[in-house]
Amino acid sequence: MNPYILAILLFGLGLGTTITFASSHWLLAWMGLEINTLAILPLMTQHHHPRAVEATTKYFLAQAAAAATILFAGTTNAWLSGQWEIHQMSHPVPITMVTLALALKIGLAPLHAWLPEVLQGLDLTTGLILSTWQKLAPFALLLQITPTNSALLITLGLLSTLLGGWGGLNQTQLRKILAYSSIAHLGWMILVLQFAPSLTLLALLTYLIMTSSTFLIFKLSKATTINMLATSWTDSPVIASLAPLVLLSLGGLPPLTGFMPKWLILQELTKHGLPLIATLAALSALLSLYFYLRISYAIILTASPNTLTGTTPWRFNSLQFSLPLAIATSGTILLLPLTPAILTLLPS
């Protein structure tokens with residue numbers, strides 16, 4: 001892609017998200033979401049492959065439906081209360097519509113069916129943008145409207161954690177596994193949104209770091225399936241040894257960073273008298289942990305081929321920029337000891 005066009009599209013992505021962040025009016029927020037969607041569509045179709053075009057079409061239809069519902073909910077709220085302000089959402093009908101529309105935008109269950117199919121049709125770089133940057137603007141709106149329908153949020157969050165764990169069990173495509181991982185992590189964030197928004201932001205931040213390092217590892221090893229990742233040991237042993245740590249951090253294994261938000265969220269849910277919800281969420285984390293362990297097993301404990309074509313190749317210096325991977329991987333693996341310091345920064 002022409003670097004000038006790429007710069008304009010990335011600027012559009014940043015502009016759309018910034019407009020949504022800064023807006024207090026539903027029309028401006030909707031405009032920012034639309035700019036964001038339109039800026040990523042050319043990035044998704046840059047390879048001109050039928051699978052990429054199909055994924056782009058599905059993404060456009062899902063996002064257009066969600067944006068239209070947001071606009072309709074804002075109009076309904078203005079009709080009922082005379083207010084266009086995001087903070088003035090008081091009637092339960094527009095609040096429910098906006099919550100469901102934003103759930104469709106970020107891919108929460110049961111409105112998640114488009115996400116694995118879309119992510120599977122994209123290259124890893126665009127998939128990284130879709131899984132990280134594109135979640136920011138809808139989350140900013142969710143945090144601003146502070147939905148009062150606790151049963152709806154808990155249902156969305158619990159369904160997302162369960163279906164995100166369940167859906168990834170039988171997958172061999174890494175991008176689909178990451179899509180179901182995204183659904184499960186977003187479910188954890190939604191579960192605690194009404195009780196502790198600061199914990200939702202913390203979970204979102206750790207999710208962004210962990211997902212970025214996972215996508216960058218897959219990109220450097222040029223892997224799109226579990227089998228390709230399993231044979232990457234001969235090409236890049238350092239990357240292959242880092243990958244299981246990053247994946248287990250995504251699963252929330254205790255010595256790693258991913259354990260921190262899940263532990264704090266379970267603590268918060270129990271504190272608010274929801275032990276059954278916390279137990280179901282913890283059990284759903286075991287489902288996710290299983291498919292991360294399966295990939296880790298494929299990377300570490302399966303023997304590389306010893307045929308003549310499978311012998312260790314010459315290892316040339318990689319031309320890919322690896323500094324972002326180093327930073328993201330360090331954050332993914334080493335942030336757990338900072339939990340007490342992070343807790344002091346969160347409002348009590």
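**View 1. The largest nonpolar core of this predicted model, which has 51 residues, lies between two domains.** The residues with the most contacts inside this core are W26, I145 and I190. Helix α4 (residues 92–106) supplies the largest share of the core, namely 7 residues. Because domain 1 (1–122) and domain 2 (149–306 + 321–338) both give residues to this core, it lies between them.

**View 2. The surroundings of I190, one of the residues with the most contacts inside the largest nonpolar core.** When its neighbours within four places in sequence are left aside, I190 is in contact with L108, F139, L142, L153, L156 and G157. A second, separate core, made up of 49 residues, includes L104, W114, I129 and Y180. In soluble globular proteins, nonpolar side chains tend to be buried together.

**View 3. The interface of domain 1 and domain 2, into which the chain is divided.** The C-alpha centres of domain 1 and domain 2 lie 24 Å apart, and 16 residues of domain 1 are in contact with 19 residues of domain 2. The area buried between domain 1 and domain 2 is about 1,500 Å², with carbon and sulfur atoms giving 74% of that area.

**View 4. Polar contacts and a salt bridge across the interface of domain 1 and domain 2.** Across this interface the rule finds 1 salt bridge, and it also finds 5 residue pairs in polar contact, both residues of each pair being at pLDDT 80 or more. On the side of domain 1 that touches domain 2, the elements that give two or more residues are α4 and α5 (114–120).

**View 5. The salt bridge of K176 with E117.** In this pair, the closest N and O atoms of K176 and E117 are 3.4 Å apart.

Note on methods:
Residues are numbered from 1 along each chain as its sequence is written. This is a predicted model: local features need pLDDT of at least 70, side-chain atom pairs count only at pLDDT 80 or more; totals for chains, interfaces and linings use all residues. Side-chain values use heavy atoms; hydrogens and water are left out. A nonpolar core is a set of buried Ala, Val, Leu, Ile, Met, Phe, Trp, Tyr and Cys residues joined through side-chain atoms within 4.5 Å. Buried means under 20% relative accessible area, exposed over 50%, partly exposed in between (1.4 Å probe, protein chains only). Helices (H or I, at least four residues) and strands (E, at least two) are DSSP runs, numbered from the N terminus. Domain bounds come from an automatic or database domain assignment. Contact means heavy atoms within 4.5 Å. Buried area is the accessible area (1.4 Å probe) that two parts lose on being put together, summed over both. A salt bridge is a side-chain nitrogen of Lys or Arg within 4 Å of a carboxyl oxygen of Asp or Glu. A polar contact is a pair of N or O atoms within 3.5 Å; within protein, one must be able to donate a hydrogen and the other to accept it, and residues adjacent in sequence count only if both atoms are side-chain atoms.
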